[in-house]
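User: I should like to learn how side-chain pairings and cores are read from a model. Could we begin with a charged pair and proceed from there?

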Amino acid sequence: MEIKTARRGPQGKECSVFDRLGAGRGGHLDNSSNKICKFWLSGRCLKNPCRFAHSETPDVATIHRPRQTPYYPHSSNALVSNTWRRAPRNSQNVQEKVVNHKSSENVPGKSESDLEDIKKKSPESVSESSSEWSVVENDSNLENVVEEKPLEHVPKKTAEMVCEFWVQGTCVYGDQCPYLHSWFRGDKFKRLAELQGHNKAVNGIALPLRCNKLCSGSSDGTIRLWDCHTGQCANVINLGGEVGSVCSEGPWLFVGMPNVVKAWNTESGAEYSLNGPVGQVNALESVYNLLFAGVEDGVILAWKGTYETDITFQLAATLKGHTHGITSLVVGGGNRLYSGSKDHTIRVWDHENWQCIMTLNGHDDVVKSLMCWDKYLFSGSLDCTIKVWASTEDGSLEVIYTHSEEHGILALSGMTDPDVKPILYCSCSDKSVHLYELPTFTDRGRLFAKQEVQTLQIGPGGLFFTGDQTGLLTVYTWLAD
């Protein structure tokens, strides 16, 4: 095999590959070209000297310059000199996107002219608060970034993010870190507890009546019962199959699984298996003595419970119409049952005569969640929209408002805060839950998780719960004034 030795330079001394990295011993490129040698990049250049550069490194004079700012990508929240920079939370120069993250037409309280005024703010208009910009003002390289670029070429603002180094306990920048050092943002509520035990996604949370236990079901095939006073896991029920949904009615706990719905009475200990579903039961809803189960094959099954002599559940109806799996169920006023599906539609059923009375076509992707609030129906979809439906004079439903997010909607829920203001919880596929005050969709805060939050549940006394794909249950509570 031919052995190639290092070549000798013009002065006869031996040159190794370490002497050919382009900067030389004097710290500057010896060649006159600014182009990088393509043969050197592939490790095949045999020329020495080569008229093309054998380096992609900067001049050594700039290599050892100390960094003055934290090493983070500059996801910014305010416009200064046509450059996105980090802004303080109380900055008056920041317009936070609340209602429509894709356009300004639905932002409450802000007209197009208001937003144009914000865009036209000059660098001098922000210089008065220069002390608040100490995170970036010492880095001279940032001062002229895209300085001359038109406004339309400036990158969009990025969403709020939790600092990944803070999560790992290694962030050293403290208050100067441009990312959040908290699992939530907002006022008048706090993170109360974390319930750890499930090792896969939490798909359902329920609070049976007259029971001091919180029940959670997971893809890991278990139901866990948590003591509401201590937060400790009091019992684990291994079911041997994935739990797709959980709900409760009175003392009864219902669990949706592949091809069956399990029912437990938390007071008497009675247990039943309701057969009939074909595939995973992804949605459960109960009202009075009726139980509805939405199945992966697009069918909705309805059972009626009797409590006269022996407690039994009898199959009352099989509702067919959806062409793909059921993802959500909710019972509203006027004997109506609403069902959301992977076929992108919402169907409205009369649960007295078991007939489908209308089909709502408004979403362009899977309808993940439904919620009834007052006389309105809210629907959340993977098409990144929440639609608000209301009855018309002829009795049909139409969309009266559409709220857009940057990410798909996974779950919806709602309750009132200590000031009796209605709050909508909206879980999105960006691993966060948005809190909005209705009816204006005014931002009230945000919850963050390590993975997507699939389940939201409201509890008594201002409590609310989230369950994410890591298996973590998190308890939050509103704070009274």
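Analyst: Side chains of opposite charge can pair when their charged atoms come close. A salt bridge is counted when a side-chain nitrogen of Lys or Arg lies within 4 Å of a carboxyl oxygen of Asp or Glu. Here the side chains of Arg210 and Glu267 form such a bridge, with an N to O distance of 2.6 Å. Arg210 is in the loop between β5 (202-206) and β6 (213-218) and Glu267 in the loop between β10 and β11, so the pair ties together parts 57 residues apart in sequence. Strands (E, at least two residues) are DSSP runs, numbered from the N terminus.

User: On what basis do these values rest?

Analyst: This is a predicted model, in which local features need pLDDT of at least 70 and side-chain atom pairs count only at pLDDT 80 or more, while totals for chains, interfaces and linings use all residues. Residues are numbered from 1 along each chain as its sequence is written, and side-chain values use heavy atoms, with hydrogens and water left out.

User: Are Arg210 and Glu267 buried or exposed?

Analyst: Buried means under 20% relative accessible area, exposed over 50%, and partly exposed in between (1.4 Å probe, protein chains only). Arg210 is exposed at 59%, and Glu267 is partly exposed at 48%.

User: How many salt bridges are there by this rule, and which residues are linked in a network?

Analyst: The count comes to eight salt bridges. Asp417, Glu437 and Arg444 are linked in a network of them. Within it, the closest N and O atoms of Arg444 and Asp417 are 3.1 Å apart. Arg444 lies in strand β26 (residues 442-448) and Asp417 in the loop between β23 and β24, so this pair ties together parts 27 residues apart in sequence. Arg444 is buried, with 16% relative accessibility, and Asp417 is buried as well, with 4%.

User: How should aromatic pairs be read?

Analyst: Rings of Phe, Tyr and Trp (its six-membered ring) pair if their centres lie within 6.5 Å; planes under 30 degrees apart count as stacked, over 60 as edge-to-face and the rest as tilted. By this rule the count comes to 16 aromatic pairs. One of them joins Phe184 and Tyr476, edge-to-face, at 6.4 Å centre to centre and 85° between the planes. This pair links distant parts of the chain, with Phe184 in strand β3 and Tyr476 in strand β29 (residues 473-478), 292 residues apart. Tyr476 is buried at 1% relative accessibility, whereas Phe184 is partly exposed at 22%. Ring pairs also link Phe184, Phe189, Tyr425, Phe464, Tyr476 and Trp478 into a cluster.

User: Which residues of the largest nonpolar core touch the most other members?

Analyst: A nonpolar core is a set of buried Ala, Val, Leu, Ile, Met, Phe, Trp, Tyr and Cys residues joined through side-chain atoms within 4.5 Å. The largest has 15 residues, of which Phe254, Val261, Leu284, Leu291, Trp303 and Phe313 touch the most other members. Strands β10 (252-265), β11 (271-287), β12 (290-295) and β13 (300-306) each supply at least two residues of this core, and the largest share, four residues, comes from β10. Apart from this core lies another, of 14 residues, among them Met415, Leu447, Ala449 and Val453.

User: What does Phe254 touch?

Analyst: Contact means heavy atoms within 4.5 Å. Not counting residues up to four places away in sequence, Phe254 touches several residues, including Val246, Cys247, Val261, Leu284, Leu291 and Phe313.
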